[in-house]
Amino acid sequence: QQQSLGAYRDLATVTADGNRVHVAANIALPDELNQLIKSGAEGIGLYRSEFLFLNVDHRVTEDEQVANYKAALLAMPHDRVVIRVQDLGADKQPRFGQERNVKLFSQRGLRWLLKQEPILRTQLRALLRASVYGHLGIMFPFVTTIDEFQRALAILDQERRLLEEQGHAVANNVEVGMMIETPAAVLMADQFAKYADFFSIGSNDLVQYLFAEDRTDSSNQHYVALNPAVLRAIKQVIQAAHAEGKWISLCGEMATLKLAQPLVLAMGIDEFSLPLPAILPLKQRLQNLSVRQLQPLVKQVLMMENDDEVAEVVNKWLRRHQ
Ligand code: PEP
Ligand code: MG
């Protein structure tokens, strides 16, 4: 028998066969922090820091950023808060400063940040200074090559040392991870997993780049998260993370799909991160699913040819088991 949704608010999520899974929040606006506790979130899995830099008429200072990240950490005092370094791209362009670049689609995320080192360094310093207020994860967006990621890690290390020299306190439990949202990152995930503390799969971009189709164009036919190509990519990345003992989250919109959730769960995902209203319903569903029972279904869908077939068997499975 199912309990009412509210009953799941303060419960740690455990599947019917005893697997612990975290259900965390995606935050895109500071106001959402007020609803975090009510939402039932077990941490913040994706804090989209872009909003701080968009629609402002001045360069955002380090101190302003520290105050913002501190607020996010204090809103979840007992859980991990993953703040994504600004991911400015084709659809999100800063209004202020020389960083404005009409070719941002090819200069996006970490690739763009490495060309704007002062901006990157300021944000990393602010994040490190805020780290003493909770359990912080720093996440780099749109990573494509190992070199790029290593450069980002080196810059982060330098900034940490500089801060400490200047007498600032920096937490020693900061985790440093990356988004998996390009096909290159999927294919090299085994190597990335040696350097990253965690992965977070950005299915919105990953699906768009796997199928070479614009995520903002709803007329696209193949923009489908249940396609076995996407499921295989996700399985590969989860295995790569676990082979190096790292944890992995799914934070794109795919995490909200009822038919995708059981599959990704059974592949071994450690965390789902999704918009606030979707958290309690997922917590409820997960407690009624068994990873062991789902495993043959995952095997089956990975061998299918298209998303319609996948949707049909998952629908059938859910009807039979719930
Ligand atoms: C994604 O790409 O799935 C993701 C979570 O990041 P964003 O939607 O902010 O690009
Ligand atoms: Mg993305």
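In which strand does Ser200 lie? Keep that question in mind as you go through the views below, which show a predicted model.

**View 1. The whole chain, seen as a set of helices and strands.**
Before zooming in, take a moment with the complete chain, where you can find 13 helices and 8 strands. Along the principal axes, the C-alpha atoms fill a box of roughly 60 × 40 × 35 Å. The radius of gyration is 19 Å, which agrees with the value near 20 Å that a compact globule of 322 residues would have. Of these 322 residues, 42% are buried. Contacts also reach across the sequence: if you take those between residues at least 6 apart, 69% join residues at least 24 apart.

**View 2. A barrel closed by 8 strands.**
Follow the strands around in the order β1-β2-β3-β4-β5-β6-β7-β8, and you will come back to where you started, because they close into a barrel with parallel pairing. From one strand to the next, the twist averages 25°.

**View 3. Strand β1 with its partners β2 and β8.**
Here you can look at β1 from the point of view of its pairing. Towards β2, which runs parallel to β1, there are 3 bridges. Two residue pairs are good places to look: Asn26 has Leu46 of β2 as its bridge partner, and Ile27 has Tyr47 of β2. Towards β8, also parallel to β1, there are 4 bridges. On that side, His22 is paired with Glu271 of β8. Strand β1 is mostly covered, with 5 of its 6 residues buried.

**View 4. Strand β2 and its link to β3.**
Now move along to β2, a strand that is mostly covered: 4 of its 5 residues are buried. A set of 3 bridges joins β2 to strand β3 (residues 80-84), and the two run parallel. Look for Tyr47, whose bridge partner in β3 is Ile83. You have met Tyr47 already, as the bridge partner of Ile27.

**View 5. Strands β7 and β8, joined by 2 bridges.**
Strand β7 covers residues 247-250 and strand β8 covers residues 271-274; they run parallel. To find one of the bridges, start at Leu250 and look for its partner Phe272 in β8.

**View 6. Ser200 inside strand β6.**
Here is the reply to the opening question: Ser200 lies in strand β6, which spans residues 198-201. Is Ser200 buried or exposed? Ser200 is buried, because 26 other C-beta atoms lie within 10 Å, and 20 or more are enough for that label. Leaving aside neighbours within four places in sequence, its contacts include Gly45, Leu46, Val82, Met139, Ser249 and Cys251. Gly177, Met179 and Ile180 are also in contact with Ser200. For a sense of scale, try Ala311, which is 111 residues from Ser200 along the chain; their C-alpha atoms are separated by 24 Å.

**View 7. The shell of residues around ligand 1.**
Which residues are found around ligand 1? They are Leu46, Arg48, Asp87, Glu181, Gly202, Ser203, Asn204, Asp205, Cys251 and Gly252. Two elements, β2 (44-48) and α8 (203-210), each give two or more residues to this shell. Helix α8 gives the most, with 3 residues. By character, the shell divides into 2 nonpolar, 4 polar and 4 charged residues.

**View 8. Helix α11 and what its buried residues pack against.**
Helix α11 runs over residues 279-287, and its buried residues are Ile279, Leu280, Leu282, Lys283, Arg285 and Leu286. Notice that Lys283 and Arg285 are in this buried group. The buried residues of α11 pack against two strands you have seen before, β1 (22-27) and β8, along with the helices α1 (36-39) and α10 (261-266).

**View 9. Phe142, a loop residue with a positive phi.**
The loop between β4 (135-140) and α5 (146-165) holds Phe142. Its phi is near 50°, a positive value in a residue other than glycine. Most residues other than glycine have a negative phi. What about its surroundings: is Phe142 buried or exposed? Phe142 counts as buried because it has 24 C-beta neighbours inside 10 Å.

Note on methods: Residues are numbered from 1 along each chain as its sequence is written. Chains are lettered from A and ligands numbered from 1 in the order in which they are written. This is a predicted model: local features need pLDDT of at least 70, side-chain atom pairs count only at pLDDT 80 or more; totals for chains, interfaces and linings use all residues. Axes are lines fitted to C-alpha atoms, for helices over the stretch in contact, and angles run from 0 to 180 degrees between N-to-C directions. The radius of gyration is taken over C-alpha atoms; the globule rule is 2.2 Å times the number of residues to the power 0.38. A residue is buried if 20 or more other C-beta atoms lie within 10 Å of its own, exposed if 12 or fewer, and partly exposed in between; C-beta atoms are placed from the backbone. Two residues are in contact if their C-beta atoms, placed from the backbone, lie within 7 Å. A residue is near a molecule or strand if its C-beta atom, placed from the backbone, lies within 6 Å of it. Ala, Val, Leu, Ile, Met, Phe, Trp, Tyr, Cys and Pro count as nonpolar, Asp, Glu, Lys and Arg as charged, and the others, Gly among them, as polar.
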